[in-house]
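Take a moment to look at the sequence and the model together before reading on. The paragraphs below begin with one turn and then work outwards.

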Amino acid sequence: MDFHRFVLEPTEPTDQGLLYRLYFVGDLHFGTTEFNHRAWQKFVIEYVEHPGYVIFMGDLAEFISLSDPRFDITLLDKREFKKFTDVKEYAFTILRLLEEKLEIFKNYTLLFLGGNHEAAFFDATTISPLRYLGESFGVPYSHYRAYVAMSLRDPTADCYRSVVTAILHHGAGQGRRRGSSINRVEEMTMWGSAELYVMGHSHQLIASPGKHYRYQAGKLKLRPVWYIRGGTFRTGDDNSQPEPIDYSVKRGYQPLPAGCPRVNIYIPNKRKADFEITVDLLSWV
Ligand SMILES: [Mn+2]
């Protein structure tokens, strides 16, 4: 598991303390007809009003799949397709469009975490989409999982006030019931201890609070933790052509909204107070 340390500046000054906002954004499946452009626009407006750091959780980019209505079956004639250069050219077209979409997050992006669809993208094109974006943004890329420590800087005192850690994994497997989905995240506690356990992949948007007991410096301490699943933007929209194809409908899953979780880390001004964490589940249809 890769380890990354980041220094966070407060995203917003408040009179009562310091606020650090952090978005986990994933499962866009950009490149399919099911990417919900309308919900994405609403998210961008929300983000501009409430800026914060961003960690991308994987399955952002998708090479066109055989089930995509835009796929031209005649291209499958192995003798014509594939001048391999055409495949690469198409892949880079998708990536450049995605890069434009993510441009507004560029200076606030901490990390790109890869998912299974990036692996499929790589298999089809030999291009690793998030390694490409990571290099373009000048931020690290981790395949599938990472352990992250975020040092919270206090610019008024020029010191670090605390550290929030997170164990991240794109996710794997299926199971659409809320319980089975969040249990996968709770199992991440066996990999190590952190304040935030975040997993994408299931497209469900869930935040579930938990508690950890830790014996530290001769004292038993109760630490609040959060288990989080990261949502999706692959829900289709009203304008899909040639017909609305909602991914969840097509797969026989319960329909889900488009959205992502936002984590608010708050340090009150009062001396010695440690951070508090709340999670907003942002969703749009
Ligand atoms: Mn996935």
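How many residues lie between E7 and E8 in the hairpin that they form? There are four residues between these two strands, and Asp 158, which belongs to the turn, has a positive phi of about 50 degrees. Before going further, note that this is a predicted model, in which local features need pLDDT of at least 70 and side-chain atom pairs count only at pLDDT 80 or more, while totals for chains, interfaces and linings use all residues. Residues are numbered from 1 along each chain as its sequence is written.

In outline, the protein has six helices and 13 strands, where helices (H or I, at least four residues) and strands (E, at least two) are DSSP runs numbered from the N terminus. Of its 285 residues, 37% count as buried; a residue is buried if 20 or more other C-beta atoms, placed from the backbone, lie within 10 Å of its own, exposed if 12 or fewer do, and partly exposed in between.

From the hairpin we can follow the pairing of strands, for which DSSP must find at least two bridges between them. E7 (residues 145-154) pairs with E1 (residues 2-8) in the parallel sense over seven bridges, and here Arg 5 stands opposite Ala 149. E7 also pairs with E8, in the antiparallel sense and over ten bridges, with Val 148 opposite Ala 166 in E8. E8 (residues 159-169) is in turn joined to E9 by four bridges, and these two strands run parallel; Ala 166 stands opposite Leu 196 in E9. Leu 196 also stands opposite Trp 226 in E11, the strand of residues 219-230 that pairs with E9 in the parallel sense over four bridges.

In a regular strand the side chains alternate between the two faces of the sheet. Both faces of E9 (residues 196-199) are covered, since Leu 196 and Val 198 on one side and Tyr 197 and Met 199 on the other are all buried.

Helix H1 (residues 37-49) offers another picture, for its buried residues are Ala 39, Phe 43 and Tyr 47. They cover an arc of only 80 degrees around the axis, taken from the directions from the helix axis to the C-beta atoms, and so they lie on the same side of H1. The face turned away from this buried side carries the exposed residues Gln 41, Ile 45, Val 48 and Glu 49.
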